[in-house]
Amino acid sequence: MPAVESTMFPLGKQAPSFELVNVTDGKTVRLEDVKSDIATVIMFICNHCPFVKHVQQELVRLANDYQPKGITFIAINSNDVEKYPDDSPENMKKVAEELGYPFPYLFDETQEVAKAYQAACTPDFYVFDGDLKCVYRGQLDDSRPNNGIPVTGESIRAALDALLNNEPVPTQQKPSIGCSIKWKES
């Protein structure tokens, strides 16, 4: 299956609101209730994609490094679980517990949230400022499975560091690359 790139959600656009269930504790998470006054990172991920598996440990490190600085992280899985049962809520909970995800892992059963964010692939990353305006969208870093580049999260880290230092986030941003979102057939 060929890799797909991010659609590159428009910079400055407001984060679409959502209310989804966190598979780890069964609680409903509403964006406006958990957003940060500094930055909110929204990640479209899943369990089965090799591109996501490649970066899972860095996602945990990244969140553990930046949550104490007041930044919120939210992971969302929007895949069709009938065709991809590895991405079911039960399996999402297992993966989140095994890897120690320090952020909510939400299930977008209707796929409406992925559509609102124009998410195209897993992983797909978005950073919103304190007003929930998009300041970054694209890749975690330059690492891909089998390209030999270490996973560092440097692209997201640069955006978050800029926000923390009240500096502009660089607008030169590279799209993420990964497996396509597994859309339900209509």
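Where does Met 8 lie? In this predicted model, select Met 8 and display the adjoining backbone: the residue is in the loop between strand S1 (4–5) and strand S2 (19–22). Its backbone carries a positive phi near 65 degrees, in a residue other than glycine. Met 8 counts as buried because its relative accessibility is 19%, and the cut-off for that class is under 20%.

Next, select strand S2 and strand S3 (residues 28–30). The two strands run antiparallel and are joined by three bridges. Within this pairing, Glu 19 stands opposite Arg 30 in S3. S2 and S3 form a hairpin, with five residues between them. In the turn, pick Gly 26, where phi is positive at about 75 degrees.

Keep S2 selected and add strand S6 (residues 105–107). Here two bridges join S2 to S6, and the strands run antiparallel. Val 21 has Phe 107 in S6 as its bridge partner.

Move on to Thr 122 and Pro 123. The peptide bond that joins them is cis, with omega about 0 degrees. Pro 123 is found in the loop between strand S7 (121–122) and strand S8 (124–129).

Finally, select Asn 146, in the loop between strand S9 (134–138) and helix H5 (154–164). Is Asn 146 buried or exposed? Asn 146 counts as exposed because its relative accessibility is 81%, where the class requires over 50%. Its phi is near 70 degrees, a positive value in a residue other than glycine.

Conventions: Residues numbered from 1 in each chain as written. Predicted model: local features only at pLDDT ≥ 70, side-chain atom pairs only at ≥ 80, totals over all residues. Heavy atoms only, no water. Helix = DSSP H or I, 4+ residues; strand = E, 2+ residues; numbered from the N terminus. Buried < 20%, exposed > 50% of the residue type's maximum accessible area, 1.4 Å probe, protein only. Pairing = 2+ DSSP bridges.
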